[in-house]
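Let us take a walk through a protein chain together. Please have a look at the sequence and the 3D view before reading on.

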Amino acid sequence: MSLSPVEGAARAEIEPAADPVTPEEKSIVGRSPGQLAWARLRRDRTATVSGVVLVIVIVLALAAPLVSRLYGVGPDEQFSDRLDGNGMPLGYVGGITGDHWFGLEPRLGRDIFIRMIYGMRTSLFIAFAAALVTTAIGVVAGILAGFLGGIVDTVISWITDVALALPFLIFALAVVPTASLRFYGPREEVPPAFQVAVLIVIFAVFGWTSTARLVRGQVISLREREFVEAARASGAGLGHMLFRQLLPNLWAPILVAFSLAVPQYITGEAALSFLGIGILEPTADFGRMIFQSIPYLQTDPAYVFFPGVTIFILVLAFNLLGDALRDALDPKSSR
């Protein structure tokens, strides 16, 4: 039976829809939100470059003892024979040679490159540990406040406001020396592990508030959704509601908050060490290196240049990766 031109055109438009799905369409259908976010993140050149830089830095920090062995210089090893009478490195640009890639420290003669490798390990360990602790506290506090509401929400919100009202720098200047004197005498050497633990506690006291507020707002918008009502109607307990129903839907903002908290703690740790209340000698640290380099800004600019540029690149890479991760998990945020 012949078809009219209009019927033929209509049938031609309908028939392609019945064709089997092409390989390209198959690769798109069935992707999870995590897979879609990963695909968007891989297409972001800024995220790729930042990720590569961070991977290199983290590998160097984790392998600091191996790097020291291959490099042939220890972090506390001094080369006094390569300093002049005024304690300045011999040669040009702070004593840069094939044996000392970034030169030597004035007065002590320690190798700047290997000190920076160990300084990266110190800063990254404190930053990641503090970010994990603050994120865990913030998630628990925020999810309880958002889901339970009432008096629980009021108390947690009040504690959050008090923590935000406390001046971080003044609190740190008062607590860190007091804690050291409480457990160690004025002439005793404070172990590096104790210094690291005190800094993590200081960051934990102040750093959980932003994550708690973020999670609380997300939970308030989720607790009236159908899947929560269905779980409540089925008799699910409080733990199941919080950590099996709500928490899996909060991983995206939590991951972004964690990635943006790490660079804040890197700069915060360096600032406290710069002021003399963070990591102290002889432990390698960026803040201490920058503080010790100030008297040599004119005579040995390489001493402040290398640590300063390294911490700048490290913090910038974390921030750029955090922004790219936020855009990948929530494409509407970049519009």
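What follows is a tour that begins with the whole chain and then turns to particular residues.

A word before we start: this is a predicted model. With that in mind, begin with the overall fold. The secondary structure of the chain consists of 14 helices and zero strands. If you trace the elements from the N terminus on, you meet α after α. The chain has 335 residues, and 41% of them are buried. About 18,700 Å² of the chain is exposed, with 65% of that area supplied by carbon and sulfur atoms. The contacts tell us about the fold as well: among those between residues at least 6 apart in sequence, 72% join residues at least 24 apart.

A database record adds another layer. In an unreviewed entry, UniProt lists residues 47-67, 124-148, 155-176, 196-215, 246-266 and 302-325 under "transmembrane region". You can compare two of these stretches with the model. Over residues 124-148, the chain is 100% helix and 0% strand, and the C-alpha atoms at the two ends are 36 Å apart. Residues 196-215 are likewise 100% helix and 0% strand, with 28 Å between the end C-alpha atoms.

Now let us turn to charges. Side chains of opposite charge can pair when their charged atoms come close. How many salt bridges does the structure hold? There are nine salt bridges in the structure.

One of them joins the side chains of Glu105 and Arg115, with a distance of 3.9 Å from N to O. Glu105 sits in the loop between helix H5 (64-71) and helix H6 (112-148), while Arg115 belongs to helix H6, so the pair ties together parts that are ten residues apart in sequence. Are these two residues buried or exposed? Glu105 is buried, because its relative accessible area is 1%, and buried means under 20%. Arg115 also counts as buried, at 1% relative accessibility.

Another salt bridge is formed by Glu281 and Arg110, whose closest N and O atoms are 3.2 Å apart. This pair links distant parts of the chain: Glu281 lies in the loop between helix H12 (251-274) and helix H13 (286-293), Arg110 lies in the loop between H5 and H6, and the two are 171 residues apart. Glu281 is partly exposed, with a relative accessible area of 28%, whereas Arg110 counts as buried at 4% relative accessibility.

These two pairs belong to a wider arrangement. Asp76, Glu105, Arg110, Arg115 and Glu281 are linked in a network of salt bridges.

For a further salt bridge, find Arg213 and Asp161, whose side chains meet at 2.6 Å, N to O. Arg213 is in helix H9 (residues 192-222) and Asp161 is in helix H7 (residues 150-165), so this pair ties together parts that are 52 residues apart in sequence. Arg213 counts as partly exposed at 47% relative accessibility, and Asp161 is partly exposed with a relative accessible area of 39%.

Stay with helix H7 for a moment, and look at Trp158, which is found there. Trp158 counts as exposed, because its relative accessibility is 58% and exposed means over 50%. Trp158 is part of a nonpolar surface patch of about 570 Å², which is made by Ile151, Val155, Trp158, Ile159, Val162 and Leu166.

Next comes Phe168, placed in helix H8 (residues 168-183). With a relative accessible area of 28%, Phe168 is partly exposed. What does Phe168 touch, not counting residues up to four places away in sequence? The partners of Phe168 are Ile202, Phe203, Phe206 and Leu272. Take Ile202 as an example: Phe168 and Ile202 are 34 residues apart in sequence, and their C-alpha atoms are 8.5 Å apart in space.

Our last stop is Gln195, which lies in helix H9. At 6% relative accessibility, Gln195 counts as buried. Leaving aside its neighbours within four places in sequence, Gln195 is in contact with Val190, Gly278, Ile279 and Leu280.

To look back over the route: we started from a chain of 14 helices and zero strands. We then visited a network of salt bridges that includes Glu105 and Glu281, a nonpolar surface patch that includes Trp158, and the contacts of Phe168 and Gln195.

Key
Residues are numbered from 1 along each chain as its sequence is written. This is a predicted model: local features need pLDDT of at least 70, side-chain atom pairs count only at pLDDT 80 or more; totals for chains, interfaces and linings use all residues. Side-chain values use heavy atoms; hydrogens and water are left out. A salt bridge is a side-chain nitrogen of Lys or Arg within 4 Å of a carboxyl oxygen of Asp or Glu. Helices (H or I, at least four residues) and strands (E, at least two) are DSSP runs, numbered from the N terminus. Buried means under 20% relative accessible area, exposed over 50%, partly exposed in between (1.4 Å probe, protein chains only). Patches are made of residues with over 30% relative accessible area and no salt bridge: like charges are joined within 9 Å, nonpolar side chains (Val, Leu, Ile, Met, Phe, Trp, Tyr) within 5 Å. Accessible areas come from the Shrake-Rupley method with a 1.4 Å probe; for residues, only the protein chains shown count as cover. Contact means heavy atoms within 4.5 Å. UniProt positions are given in the numbering used here, feature names are shortened, and annotations may be inferred rather than shown by experiment.
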